[in-house]
Every structure is written in C-alpha cells, then in structure tokens.
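Here is a short briefing on charged and polar side chains. Keep the structure open while you read.

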Amino acid sequence: MLRVLVTGAAGLIGGEVCARLAARGARVTAMVRKTREVRGNDGEPVSGIEIVSGDVTQPLMGLDPAAVQADLVIHCAAHLEFDAPRDELAAVNVEGTRNAVAFAKATGAGFLHVSTAYVCGTREGPIAEAPVPEGTLFTNNYEESKAQAEQVVANSGAPFAIARPSIVLGDHVHGAIREFPSLCNVFRLMARGKIGVLPARESATFNLVPICHVAEGIVRIAEKFEEAQDGYFHLVSTQPLPAAELAHGVTRVGHFPSPEVIDPDGLNKDSLRPAERLLLERLLATFGAYFTRNSQFDDSAFQAVTGLACPKTDSAWLDRLIGYAIACRYLPSARPDSASPAAA
C-alpha cells in the first residue's frame, strides 16, 4: 500500500489528489493549515484519510517525522497570488518547499513537487521538460518563486520528481470546479460588462488544462515514482487556446456583452471609461504577459511515464466551463424574461 503525505490538501489540486489516491487504496495523510476539511473537486469530503495540521513555513512543517509514515510527500501547498510581494512568496513557495523536502528526507520519503509550467518565464516556442535554464526572465514574482523552489528540490539530495501543471480550470466533462482561480476574474469582468476590450496578441496562447487531467497525472506519477525520479513533467494541454478565445467564449453567450480583442500595442487607455481603465490596468498588471506570449509545452516525458494524454481543450470545453460558472452564479445569469437559449 502506497503511503502518501499531501501538503496543501485543503486546496483545489491537493484535495482532488487526496480523493483519487484514497479511491485507489493509498494510505493518505492530508496536511492542512487552517481548515480541517479536505474535499475533492466535486465538493464532497474525502473519506478514509488522516488529517493533520501543519505549516510549511515552520521547520519540518511543524510535524514529527516519527509520527507520520510516508513513502512519498506530494507537495501541493503554495502561495498562488501572482503579484504578491517577493518576500511573501519566498516564505511559502521557496522556504516552505525547503521545509517540506527536509521533512521528506527525515522520513526517508520521496518528494513529488507540484510546480507550474510557467516557470518558463518569458520564453516562447517549444518548452522542454527540463530544469529551468539559467538567466530565465520571469513575468511575475510567483513564477520566479516556483522556479527557485524547483532548484531547492533538485539540490536537496532527496529522490524527487517535479510536476508542472499549466493553468488549471474545471473538469473536462462538465466544466465543474470547486474553486475558481484568479484567472477566471478575466471572464467575470468581461461577462459583467466591466471591461469591453481584451488586449491580446494574435499569436498569444493560453495553456488551460482540466483539473481531472492534472490530478490524475499527479497520482500516476506518484504510483510510478521510481520510474519518474529526477524527471520534470508538464501536465498541460497539447492544444493551447488562442488568448483571444477568452473573449470569443464570452461573446458566444447570448446575454453577455461582446468584448473587443485588440493588439496591446494599439490599446488607447484614454478612450476608456475611468472605472474600466482602472480595472483593465489592474488586470494587465497581473495577467498582461499571458496575453502576449506563445509557449508550447512538450509533455512527451509525462505521457511516457503515465500513459496519460490530455483531453481536447477546445472552444466546446471552454463553453462548458462558462456554462458551469453561470449555473453556479459565478458568472451572471440571463434575466428571467430573456429569450436567449443561454438562459436555459
């Protein structure tokens, strides 16, 4: 029986990883910090697991290595705010990883680190499943902190593998997601008519990936950890969406406005309403770089180890994501008197 400690188990990815591991018969210890609940992406509590309280900012995460039996630590805990101050991100994502891998070494466990595909930084074109090259430039403090954390893991001396999801959204079949990530606020602002333009280069792509693919991929790497050791694995879509498709997806819903896609170089902020200009400036400060680059992530090593290929992430999947967000009232519903089919 595989014995696994999952950090960040209360989070979106950590919770679904715990649910899938428990369903496979693994012995799961779920580490949480503030909450005592661990839920899968379906929102249901995960049964058959042990829940412990810990804090990655503490030495050995505040746990007693002798009291937690684990063959593998899956490190999902992270500070996810792209534009948070560098020292805040470093405390959790860098030093927290150092504490987590020290715990793994103290227990003799392997270490599966959950990073991000966007440690590629500003690089475009083909991105290999390999260590981050020296001299890589990053578009925000979050990317930088995750790259530094990877280096901590690689230098730790512990048996390791690194999983790099891209931008995680809802499941492939229904679009369901337990928590909407910050990128979804872009949809929300356009759907509510708060911003009417999306500055995106024609060549830019978003690598959006269903949570079902990411969680299953992490579980399969865990199950084949010996084969995966020293590997870097992209958990990504092989069919990234054009960045402009975010606006097109909003336009396809009858009761939403139709935002205009423009090249960032042609954006005239002075022509916007003051409130819209302020919102757009905030959005671009956080996500602007993701609307301008075209990174193509190789996932051949991931597929070779796991036998898992990402399902099609096309406009139909995007429509299912938007439909789910409307159904749960994250995005606005049609008024009851609307004749739009989207009101159904």
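The points below cover salt bridges, a charged surface patch and one buried threonine.

This is a predicted model. A search of the whole structure finds 17 salt bridges. Three pairs and one network are described here, followed by a patch of negative charge on the surface and the contacts of Thr313.

**Salt bridge across the sequence**
- Asp263 pairs with Arg201 in a salt bridge, with the closest N and O atoms 3.4 Å apart.
- Asp263 sits in the loop between strand S14 (260-262) and helix H8 (274-287), and Arg201 in the loop between strand S9 (197-199) and strand S10 (205-206), so this pair ties together parts that are 62 residues apart in sequence.
- Asp263 is partly exposed, at 34% relative accessible area.
- Arg201 is also partly exposed, with a value of 27%.

**Other salt bridges**
- Arg178 and Glu179 meet through their side chains in a salt bridge of 3.1 Å, N to O.
- Glu179 counts as partly exposed at 36% relative accessibility, and Arg178 counts as partly exposed at 23%.
- Arg273 and Glu276 form a salt bridge too, at 3.4 Å from N to O.
- The two ends of this bridge fall in separate classes: Arg273 is partly exposed at 47% relative accessibility, whereas Glu276 is buried at 6%.
- Elsewhere, salt bridges with shared partners link Glu16, Arg20, Arg24, Glu216, Arg220 and Glu223 into one network.

**Negative patch**
- Glu81, Asp83, Asp87 and Glu88 gather on the surface as a patch of negative charge.
- Glu81 belongs to the loop between strand S4 (72-75) and helix H2 (86-107).
- The relative accessible area of Glu81 is 49%, so Glu81 is partly exposed; the cut-off for exposed is over 50%.

**Thr313 and its contacts**
- Thr313 lies in the loop between helix H9 (300-306) and helix H10 (315-327).
- Is Thr313 buried or exposed? Its relative accessibility is 2%, so Thr313 counts as buried, since buried means under 20%.
- The side chain of Thr313 makes a polar contact of 2.4 Å with the side chain of Ser237.
- The Thr313 side chain also reaches the backbone oxygen of Gln239, at 3.2 Å.

Conventions:
Residues are numbered from 1 along each chain as its sequence is written. This is a predicted model: local features need pLDDT of at least 70, side-chain atom pairs count only at pLDDT 80 or more; totals for chains, interfaces and linings use all residues. Side-chain values use heavy atoms; hydrogens and water are left out. Patches are made of residues with over 30% relative accessible area and no salt bridge: like charges are joined within 9 Å, nonpolar side chains (Val, Leu, Ile, Met, Phe, Trp, Tyr) within 5 Å. Accessible areas come from the Shrake-Rupley method with a 1.4 Å probe; for residues, only the protein chains shown count as cover. A salt bridge is a side-chain nitrogen of Lys or Arg within 4 Å of a carboxyl oxygen of Asp or Glu. Lys and Arg count as positive and Asp and Glu as negative; His and the chain ends are not counted. The place of a charge is taken as NZ of Lys, CZ of Arg, CG of Asp or CD of Glu. Helices (H or I, at least four residues) and strands (E, at least two) are DSSP runs, numbered from the N terminus. Buried means under 20% relative accessible area, exposed over 50%, partly exposed in between (1.4 Å probe, protein chains only). A polar contact is a pair of N or O atoms within 3.5 Å; within protein, one must be able to donate a hydrogen and the other to accept it, and residues adjacent in sequence count only if both atoms are side-chain atoms.
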